[in-house]
Amino acid sequence: MKLYFSPGACSLSPHIVLRELGLPAELVKVDLGAKTYDGGQDFRAVNPKGYVPVLQLDDGSVLTEGPAIVQYLADQKPASGLAPANGSLERYRLQEWLNFISTELHKQYSPLFNPQFSEEVKELQRQRLYGRFDYLAQVLGAQDFLMGTQFTVADAYLFTVLGWSDHVKLDLSRWPALQAYLERVAQRPAVAATLAAEREARKS
Ligand SMILES: N[C@@H](CCC(=O)N[C@@H](CS)C(=O)NCC(=O)O)C(=O)O
């Protein structure tokens, strides 16, 4: 398998999942500005949508969209508990979280990275996100992870997105439960190893 990624981007989520599962994969760093990888190969030939993450399977098939990729990975090792069994209500709960993170958080952060948006628009966007944080803090004040006691792929994704907060001037200090959650997840050995690997990848 190959994971096309960019250090610190949303591809951190499947990268964490790979390491949590102990699955071997080649990591391919993508230059998102130039849309190239391996020093000049056309990334759009791999993913015409032009964004990471992309998972390429050994038979050459390409899977895109973070929520689909992390579920595929978790299903390679069902005993890991990173995703509940397909068809169970709990699996739909996991998908409920993945969709929430994708649409209500991830894609609400995106304008905050965009220099073309005014500070006024960005502030409106921050207020929208603060409402989502109120809800998340209620949940994570009462349990360690999104699904309860078990770390799942949804936590890998939420950790990734909330981790961008400082960078886009979203102050999490109003939500101690979210700060404690980020610390809890960061302490997981696989997560710490992933963050270290992505820090290293930034240098190359
Ligand atoms: N819907 C996609 C969105 C992925 C996405 O937003 N990727 C960003 C990095 S976090 C990216 O590669 N952006 C570059 C671009 O869109 O040109 C998913 O959930 O996987």
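**View 1. Phe133 and Trp175 are both buried (under 20% relative accessible area, 1.4 Å probe, protein chains only).** This is a predicted model, where local features need pLDDT of at least 70, side-chain atom pairs count only at pLDDT 80 or more, and totals for chains, interfaces and linings use all residues. Residues are numbered from 1 along each chain as its sequence is written, and side-chain values use heavy atoms, without hydrogens and water. Phe133 and Trp175 form an edge-to-face aromatic pair (ring centres within 6.5 Å, planes over 60 degrees apart; the six-membered ring for Trp). Their centres lie 5.3 Å apart, with 80° between the planes. Phe133 sits in helix H4 (residues 119-142; helices are DSSP runs of H or I, at least four residues, numbered from the N terminus). Trp175 is in the loop between H5 and H6, 42 residues apart from Phe133.

**View 2. Tyr109 pairs edge-to-face with Trp164.** The centres are 5.9 Å apart and the planes 70°. Tyr109 belongs to helix H3 (residues 89-109) and Trp164 to the loop between H5 and H6, so the pair ties together parts 55 residues apart in sequence. Both Tyr109 and Trp164 are buried.

**View 3. Tyr4, Tyr37 and Phe43 form a cluster linked by ring pairs.** The structure holds eleven aromatic pairs.

**View 4. Helix H5 (residues 153-162) crosses helix H6 (residues 176-186) at roughly 120°.** Their axes, lines fitted to C-alpha atoms over the stretch in contact, come within 10 Å; angles run from 0 to 180 degrees between N-to-C directions. Contact (heavy atoms within 4.5 Å) is made by Asp155, Leu158, Phe159 and Leu162 of H5 and Tyr181, Leu182, Val185 and Ala186 of H6.

Notes. Helices (H or I, at least four residues) and strands (E, at least two) are DSSP runs, numbered from the N terminus. Rings of Phe, Tyr and Trp (its six-membered ring) pair if their centres lie within 6.5 Å; planes under 30 degrees apart count as stacked, over 60 as edge-to-face and the rest as tilted. Buried means under 20% relative accessible area, exposed over 50%, partly exposed in between (1.4 Å probe, protein chains only).
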